[in-house]
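Subject: Handover of a structure and notes on its features

Dear colleague,

Please find below the structure that I am passing on to you. I would be grateful if you could keep it open while you read the notes that come after it.

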Amino acid sequence: MDRGGDKHHHHHHHPQQLPLAKSARQHRYNEWIFRDVPSDITIEVNGGAFSLHKFPLVSRSGRIRKLVAEHRDSDISRVELLNLPGGAETFELAAKFCYGINFEITSENVAQLCCISDFLEMTEEFSKDNLGSRAEEYLESIVCKSLEMCVEVLQQCEALLPLADELRVVSRCIDAIASKACVEQIASSFSRLEYSSSGRLHMNRQAKCDGDWWIEDLSGLRVDLYQRVITAMKCRGVRPESIGASLMNYAQKELTKKSSLWNPPGQTKVDVISVSTGHEKLVVEAIVSLLPVEKLAVPINFLFGLLRSAVILDCTISCRLDLERRIGSQLDIATLDDLLIPSFKHSGDTLFDVDTVHRILINFSQQEDSEEEMEDGSVFESDSPHSPSQTLLFKVSKLVDNYLAEIAPDANLKLAKFLVIADALPEHARTVHDGLYRAIDIYLKAHQSLSDTDKKKLCKLIDFQKLSQEAGAHAAQNERLPLQSIVQVLYFEQIRLRNSLGCSNGEDEHKPMHQSWRISSGALSAAMSPRDNYASLRRENRELKLELARLRMRLNDLEREHVCMKRDMQKSNSHKFMSSFSKKIGKLSFFGHSSSRASTSPSRQSYRTDSKVIDRTCASID
């Protein structure tokens, strides 16, 4: 409120009432205009006209003063002010100020007053305590102290851009909102601190967090200003969870017309309503660009909801890829319903969007498992591949198998697309192949026209050793499988049976155990993660290098002895040579440590290698 006298009573007029008839506006400002002095200037503003007096206007407004001065000779009586910020309603307040009539400055009109005072040049240069400085003072001392008022002013600024931006009205309000939210967050954190029974200070997680009451206020902002506010909040360090909650709230309000996008239960095709799709596209792209980098700042089903919207609204590729990457990094917590993204393309296409899911799976497989890397950085060196842990892989493999079973009955699903999803995870991801077998069987049932070659391609994905007894029994009698696969199933079933019989009888134990080891070792190494496989390979590598070094030393010795033997043969007779040969062999002691080394498999290998070396040496001597 201006402080120069009593508060002047006036009515508030909403923006939609602005285009008033001239007579109605005339009646409104006749309440405060000088009735006894005839008007000498008419100001036309955005379709409305005000009959006023030059003197009070010229004394406060630099722009009107210049216009009057320029047309002094022709005695100007009519001035047209086009593109006046705030329209006729704001001009009326500026005119009142020129006439010295008090009115209240509020959060609903301060942005307009800042802009119109700049447009009309109502600054200190032309008059002391002018409208510009009054509006600025109110903005700084009142508005910027209150988060709610800042939001109200920003809403008013939507129609005043870019001028409100140039005058820093927008940036000051945004900075104030960000710092207020930060202060609220710190205060609410302190309020949740409490002492435990042991006397330690800790944060009470159960206590309700009251520092995020601003979320509802921000949801009324236009998307461009909302984006700027959230960006400022992120820079100030507002909690990622609070940012996430605000983004979800904003999305819910702005995208309600397309509520069917948000994970429709049991619904595959969505009718795309082309209601303000341009606006909704902007909203989705803005929200995705604002998502916090931290995992779990927003629930994964919200990310899937955004992805569905992005696909329907044909958002930018970078927007969709960003969502796919985020989802891929936490795919282990996704559900089957999340993955079932409807296909919004032409009718001949698949029921579900398989390509998007494939890209998500690639993102998951390629993610760096930084936590494990920190724990075991020494073993897992930089030249080995980054991959998710075995637990995550196991969870995702079950999810993928269920997804495959869900999409398999689709008649339009090409074999190549099915194969690419089934093969997206590394071999060691599936410890049991029952789920994969089930999905492939459903696909075979739904696509009976498949050629034998295609059937073989499909069944190559299944490791029949990794089928449970029930699945194995089913596969053995499954006529849909190619003959080669059925033979494989029967073979492994026979080995399993023989092993179980061997274990129960306890006779001829060594042979079944060795067979079972040979058959299952492949499955065992395949079930290991790349990290474990890598460590095991390094151990074997070290052992082989040692063994190789030993062999080189023995070969050098043999070569030296061979040269000596040739000399002896030339110098002496055969009897002397044989006795010397036996002595040299004794020195080399090939079999001296055989009892101590026979326990490890690499050493047994060296035993055989050594005897072959002797045979070769003797042959060369002969």
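The notes below go from the whole chain to particular helices, loops and residues.

**The chain as a whole**

Please bear in mind that this is a predicted model. The protein chain has 29 helices and 5 strands. Of its 622 residues, 44% count as buried. Among contacts in the chain with a separation of 6 or more, 70% are made by residues 24 or more positions apart.

**Helices α11 and α13**

How do the axes of α11 and α13 cross? Helix α11 covers residues 223–236 and helix α13 covers residues 277–290; their axes come within 10 Å and cross at roughly 5 degrees. Angles under 35 degrees count as roughly parallel, and therefore α11 is roughly parallel to α13. On the α11 side, the residues that take part are Val223, Tyr226, Gln227, Ile230, Thr231 and Lys234. They meet Leu282, Val283, Ala286, Ser289 and Leu290 of α13. Sorted by class, this contact has 7 nonpolar residues, 3 polar residues and 1 charged residue.

**The region around Cys150 and Ala176**

Cysteine 150 is placed in helix α7, which spans residues 147–157. Is cysteine 150 buried or exposed? Its relative accessibility is 0%, so cysteine 150 counts as buried. Leaving aside neighbours within four places in sequence, cysteine 150 touches Val143, Cys144, Cys173, Ala176 and Ile177. Its C-alpha atom is separated by 9.6 Å from that of valine 169, which is 19 residues apart from it along the chain.

Alanine 176, one of those contacts of cysteine 150, lies in helix α9, residues 169–191. With a relative accessibility of 8%, alanine 176 counts as buried, because the cut-off is under 20%. If neighbours within four places in sequence are again left aside, alanine 176 is in contact with Cys144 and Cys150. Cys144 therefore appears in both contact lists, that of alanine 176 and that of cysteine 150.Serine 146 is found in the loop between α6 (131–141) and α7. At 17% relative accessibility, serine 146 counts as buried. A polar contact of 3.4 Å links its side chain to the side chain of glutamate 148. Serine 146 and alanine 176 are 30 residues apart along the chain, and their C-alpha atoms are separated by 8.0 Å.

**Helices α20 and α22**

Which residues of helix α22 are buried? In this helix, residues 452–459, they are Lys455, Leu458 and Cys459. Seen down the axis of α22, the buried residues fall within an arc of 90 degrees, so they line one face of the helix.

Leucine 458 can also be related to a residue in another helix, alanine 416, which is found in α20 (residues 415–422). These two residues are 42 residues apart in sequence, and 9.7 Å apart in space from C-alpha to C-alpha. Whereas Leu458 is buried, alanine 416 counts as exposed, at 55% relative accessibility.

**Backbone details in the loops**

Most residues other than glycine have a negative phi, and most peptide bonds are trans. Against that background, three places in the loops deserve your attention.

- Leucine 161 and proline 162 are joined by a cis peptide bond, with omega at about 5 degrees. Proline 162 is placed in the loop between α7 and α8 (163–166).
- Aspartate 129 is not a glycine, yet has a positive phi of about 50 degrees. Its place is in the loop between α5 (110–119) and α6. Aspartate 129 has a relative accessible area of 40% and is partly exposed.
- Leucine 296 is likewise not a glycine and has a positive phi, of about 65 degrees. Leucine 296 is in the loop between α13 and α14 (300–312), and counts as exposed at 60% relative accessibility.

Valine 293 is also found in the loop between α13 and α14. With a relative accessibility of 73%, valine 293 counts as exposed. Between valine 293 and arginine 326 there are 8.6 Å in space, C-alpha to C-alpha, and the two are 33 residues apart in sequence.

Yours sincerely,

A colleague

Key
Residues numbered from 1 in each chain as written. Predicted model: local features only at pLDDT ≥ 70, side-chain atom pairs only at ≥ 80, totals over all residues. Heavy atoms only, no water. Axes fitted to C-alpha atoms, helices over the stretch in contact; angles between N-to-C directions. Helix = DSSP H or I, 4+ residues; strand = E, 2+ residues; numbered from the N terminus. Parallel < 35°, antiparallel > 145°, perpendicular 65-115°, else oblique. Contact = heavy atoms within 4.5 Å. Nonpolar A, V, L, I, M, F, W, Y, C, P; charged D, E, K, R; others polar. Buried < 20%, exposed > 50% of the residue type's maximum accessible area, 1.4 Å probe, protein only. Polar contact = N/O pair within 3.5 Å; in protein donor to acceptor, adjacent residues only side chain to side chain. Arc of directions from axis to C-beta.
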